[in-house]
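Visitor: Please take one part of this model, the packing of its helices, and look at it closely. After that, go on to the pockets and the backbone.

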Amino acid sequence: MSNSPVLQPYTLGDLHLKNRVVMAPLTRSRSSTQGVPPDFAQDYYGQRANAGLIISEATNISPQAVGYAYTPGIWTDAQVESWQKITATVRANDGRIFLQLWHTGRISHPDVQPNGRLPVSASAIKPTGTAFTEGGMKEHVTPRALETDEIPGIVEDYRRAAENAKRAGFDGVEIHSANNYLLEQFVRDSTNKRTDQYGGSIENRLRFPLAVVKAVTEAWGGGHRVGIRLSPATTQPGETPLDSTTHETFGTYVDALNAYGLLYIHTIEGVTQQTRDVPDGVDFLDLRRRFKGAYIGNNQNTLELAEKELAEGRADLFSFGRPYIANPDLVPRLASGAPLAEAPKPYWYGGGANGYSDWPGMNGPVTVKR
Ligand SMILES: Cc1cc2nc3c(=O)[nH]c(=O)nc-3n(C[C@H](O)[C@H](O)[C@H](O)COP(=O)(O)O)c2cc1C
């Protein structure tokens with residue numbers, strides 16, 4: 001076994017983790033049309049319990065939150081019951097798992113919205129690109145700007161989802177405030193042109209995301225089991241620049257988050273999946289220093305890079321996304337220096353157990369305890 005410091009145990013708040021490797025959230029679109037994760041997701045997550053911490057795939061907080069076909073939810077009893085089996089399997093395999101709470105906002109389509117309604121956002125600004133629907137990829141539409149008096153209701157949706165996550169047996173929750181989904185649509189000044197108390201100044205643009213953080217931490221009795229995901233430098237969904245003062249905006253956000261005692265920030269360094277270059281002048285080390293909790297670094301991590309970042313004090317934990325798709329036993333592979341398998345893109349989204357929970361480990365099938 002490797003004696004890499006990245007693979008040694010780490011204490012995150014009151015959680016004892018086996019190592020500093022985090023499985024990054026990965027949408028895989030295997031749930032039913034009712035947003036219920038399949039039974040074979042128990043194998044998928046159980047096989048990956050070698051990570052110190054698993055962050056679940058992004059999970060819709062309400063029907064309005066849905067932006068992609070076959071993604072899971074956490075608002076019905078059937079959804080909670082299926083997640084319960086998954087969290088129990090991860091626990092039986094000595095793993096830890098947080099649920100990622102998601103509202104896609106404008107990155108959606110009427111075909112995946114209740115009664116074919118328009119997706120909602122901070123402002124009526126159409127994103128570039130296409131949405132994944134049951135009928136294939138469809139061009140995004142111009143969303144409807146939320147009315148001021150609708151926003152507290154969405155905060156309550158987050159609260160209920162956070163409570164349901166607790167009921168489902170998760171160890172904690174991660175608020176998805178990255179990749180230009182609803183919360184980030186409020187944070188960035190290119191997607192938020194509102195003139196009410198939720199738009200304009202940075203303080204106003206942060207009002208809704210911080211209300212969500214407050215509700216979710218209240219649901220969990222404090223911030224000690226709540227993290228948040230941020231992607232200050234990402235250019236998703238393909239527009240750039242997304243904010244006129246990116247570092248100032250996200251620095252103010254991180255400073256404000258300190259009031260809620262959050263466990264960690266989980267930061268995508270660079271453009272999600274594409275590059276670790278930071279086109280927007282964001283100083284991630286400054287964000288890490290300003291934040292009082294732990295720091296999870298993400299984007300194109302390798303064991304070598306994580307060791308370097310740890311030695312330089314740039315992050316506490318390191319999340320791996322794509323490598324976990326085809327390498328269920330990622331930590332043992334990193335420890336032994338074994339080559340990593342690569343998952344062809346057709347397996348990423350949609351389908352059944354094939355290309356999802358049937359990837360072998362380096363020494364044959366990865367067994368899951370029940
Ligand atoms: C198939 C796929 C699904 C993803 N789904 C999510 C998601 O549900 N939530 C999220 O925050 N990021 C999601 N991401 C982004 C990853 O968590 C991660 O930030 C990105 O892949 C970069 O890390 P990597 O280089 O280790 O893959 C997804 C990425 C991929 C490839």
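Guide: Helices α5 and α6 cross in a right-handed sense (the near helix is turned clockwise from the far one by less than a right angle; anticlockwise would be left-handed). Element names follow DSSP runs, numbered from the N terminus: H or I over at least four residues for a helix, E over at least two for a strand. The model is predicted, so local features need pLDDT of at least 70 and side-chain atom pairs count only at pLDDT 80 or more, while totals for chains, interfaces and linings use all residues. Residues are numbered from 1 along each chain as its sequence is written, and side-chain values use heavy atoms, with hydrogens and water left out.

Helix α5 covers residues 202–219 and helix α6 residues 246–257; their axes lie 11 Å apart and the packing angle is about 40 degrees (axes are lines fitted to C-alpha atoms over the stretch in contact, with angles from 0 to 180 degrees between N-to-C directions). Because of that angle, α5 is oblique to α6 (under 35 degrees counts as roughly parallel, over 145 as roughly antiparallel, 65 to 115 as roughly perpendicular, and the rest as oblique). On the α5 side the contact (heavy atoms within 4.5 Å) is made by Ile202, Glu203, Arg205, Leu206, Pro209, Leu210 and Val213. Glu248, Thr249, Thr252, Tyr253, Ala256 and Leu257 make it on the α6 side. Sorted by class, this contact holds eight nonpolar, two polar and three charged residues (nonpolar: Ala, Val, Leu, Ile, Met, Phe, Trp, Tyr, Cys and Pro; charged: Asp, Glu, Lys and Arg; polar: the others, Gly among them).

Helix α5 also packs against helix α3, residues 151–167, where the axes come within 8 Å and cross at roughly 30 degrees. That angle is why α3 counts as roughly parallel to α5. The crossing of α3 with α5 is right-handed. From α3, the contact takes in Ile151, Ile154, Val155, Tyr158, Arg159, Ala162, Glu163 and Lys166; from α5, Phe208, Ala211, Val212, Ala215, Val216, Glu218 and Ala219. The contact of α3 with α5 has 11 nonpolar and four charged residues, and no polar ones.

Next, the pockets. The volume of the largest pocket is about 1100 Å³ (points on a 1 Å grid over the protein atoms alone, in an open set with protein on both sides within 12 Å along at least five of seven lines; a cavity is instead a set where a 1.4 Å probe fits but cannot get out, and lining residues have an atom within 4 Å of a point). Volume here is the space filled by probe spheres set on the points, which are joined across faces, edges and corners. The lining of the largest pocket has 41 residues, and Tyr181, Gln236, Thr272, Gln273 and Tyr349 lie nearest its centre. At least two lining residues come from each of β5 (97–102), β7 (130–133), β14 (317–320) and α9 (323–326), and β7 gives the most, three. By class, the lining of the largest pocket has 17 nonpolar, 20 polar and four charged residues.

The second largest pocket holds about 330 Å³. Its lining has 18 residues, with Lys18, Ala49, Asn50, Val331 and Pro332 nearest the centre. Two or more of these residues come from each of α1 (41–47) and α10 (330–336), and α10 has the largest share, three.

Two residues named for the largest pocket, Gln236 and Gln273, recur in the backbone. The peptide bond from Gln236 to Pro237 is cis, with omega near 0 degrees, and Pro237 sits in the loop between β11 (226–230) and α6. Gln273, in the loop between β12 (264–268) and α7 (284–290), has a positive phi near 70 degrees although not a glycine.
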